[in-house]
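Colleague: I'm new to this one. Could you take me through how the labels on it were reached?

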Amino acid sequence: MSAVLQPTLRVIARRGRRPLPGFGLSLGLGLAWLSVVVLLPLAALAIRAAGLGVDGWLRAIQDPRVQASLKLSFGASLVAALAASLAGALVAWVVVRYRFPGRRLLDALVDLPFALPTAVAGIALTAIYSANGWVGRWLEPLGLKIAYTPIGIVIALIFIGLPFAVRTVQPVLEALGHEQEEAAASLGASRLTTLRRVVLPELLPALLTGFSLAFARALGEYGSVIFIAGNLPYRTEIAPLLITIRLEEYDYAGAVAIAALLLAASFVCLLAINAIPLLFAHERRGAKRDV
């Protein structure tokens, strides 16, 4: 019996045991699941937007209220993504390069916006920065109002975008190590020169990726913003909220036009995220050839 089984066992060992079925079946199941969950809804939105035509789409987008909400959403998302990228890089640097009590707790708290329901985050931020909040009660007498202003929207978007910036920079810092910095210091480079010539070029692709992720997430954020925004038309009304309002008004064309614009912006961010590593890899290959 063992002589009969030995060829079969050798074939199994040679092929290797895989936890999933063959490539074709696994790919088919994965694509089917992706199509049902992601591609079909996006395709339906794209087809509905195409049905509006260029004139119908422009008519819906050029509404003054829509213009105000889009300017607020894109502007606040840009500012929040920039701030989250800078703060995320600093947090990642502290977590990776220093050892101190509470380091693991700080590392775990970075993921809190991922686990916290967005509505809960919005209520918490409003309770902190409102006129009667822990921080707002001290700032408003100084003339600095945060809740129900664009400043509050930016703070909420920084809160939900910070984890993307930290988690994209952190593994690059861990892989970078200290050797290059020590080599630069041994050659007489100052800390600023080392940061500018050694550290930042290595971190730049991760910083740009974190910025793109934070911007894309902020652009479509809803739950954590509506509570602290105040939702005043032409002032603190974000584009995702206006989509909901248009649907409640049975203005499906207006809702689809705004949603299609946000979807297109998200796709641009997605393409940028995938193009950034390829761009920097090409530049590094070119630099090596020049050397």
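Modeller: Sure, and keep in mind that this is a predicted model. Let's begin with Phe215, which has a relative accessible area of 12%.

Colleague: Why is Phe215 called buried?

Modeller: Buried means under 20% relative accessible area, and Phe215 comes in at 12%, so the label fits.

Colleague: And what makes Phe114 partly exposed?

Modeller: Its relative accessible area is 40%. Partly exposed runs between the 20% and 50% cut-offs, so Phe114 belongs there.

Colleague: Why is the pair of Phe114 and Phe164 called edge-to-face?

Modeller: The ring centres of Phe114 and Phe164 are 5.1 Å apart, with 80 degrees between the planes. Rings pair if their centres lie within 6.5 Å, and planes over 60 degrees apart count as edge-to-face, so both conditions are met. Phe114 lies in helix H5 and Phe164 in helix H8, so the pair ties together parts 50 residues apart in sequence.

Colleague: How do you know that the length of helix H8 makes sense?

Modeller: H8 has 27 residues, and at 1.5 Å a residue they should span 39 Å. The end C-alpha atoms of H8 are 38 Å apart, which agrees. H8 does bend by about 40 degrees at Gly161, though, and Pro163 follows within four residues.

Colleague: Which helix gives the most to the lining of the largest cavity?

Modeller: That's H3, with 4 residues. The largest cavity holds about 50 Å³ of space, and its lining has 9 nonpolar, 2 polar and 1 charged residues.

Key. Residues are numbered from 1 along each chain as its sequence is written. This is a predicted model: local features need pLDDT of at least 70, side-chain atom pairs count only at pLDDT 80 or more; totals for chains, interfaces and linings use all residues. Side-chain values use heavy atoms; hydrogens and water are left out. Helices (H or I, at least four residues) and strands (E, at least two) are DSSP runs, numbered from the N terminus. The expected span of a helix is 1.5 Å times one less than its number of residues. The bend at a residue is the angle between axes fitted to the seven residues ending there and the seven starting there. On a 1 Å grid over the protein atoms alone, a cavity is a set of points where a 1.4 Å probe fits but cannot get out, and a pocket is an open set with protein on both sides within 12 Å along at least five of seven lines; lining residues have an atom within 4 Å of a point. Grid points are joined across faces, edges and corners, and a volume is the space filled by probe spheres set on the points. Ala, Val, Leu, Ile, Met, Phe, Trp, Tyr, Cys and Pro count as nonpolar, Asp, Glu, Lys and Arg as charged, and the others, Gly among them, as polar. Buried means under 20% relative accessible area, exposed over 50%, partly exposed in between (1.4 Å probe, protein chains only). Rings of Phe, Tyr and Trp (its six-membered ring) pair if their centres lie within 6.5 Å; planes under 30 degrees apart count as stacked, over 60 as edge-to-face and the rest as tilted.
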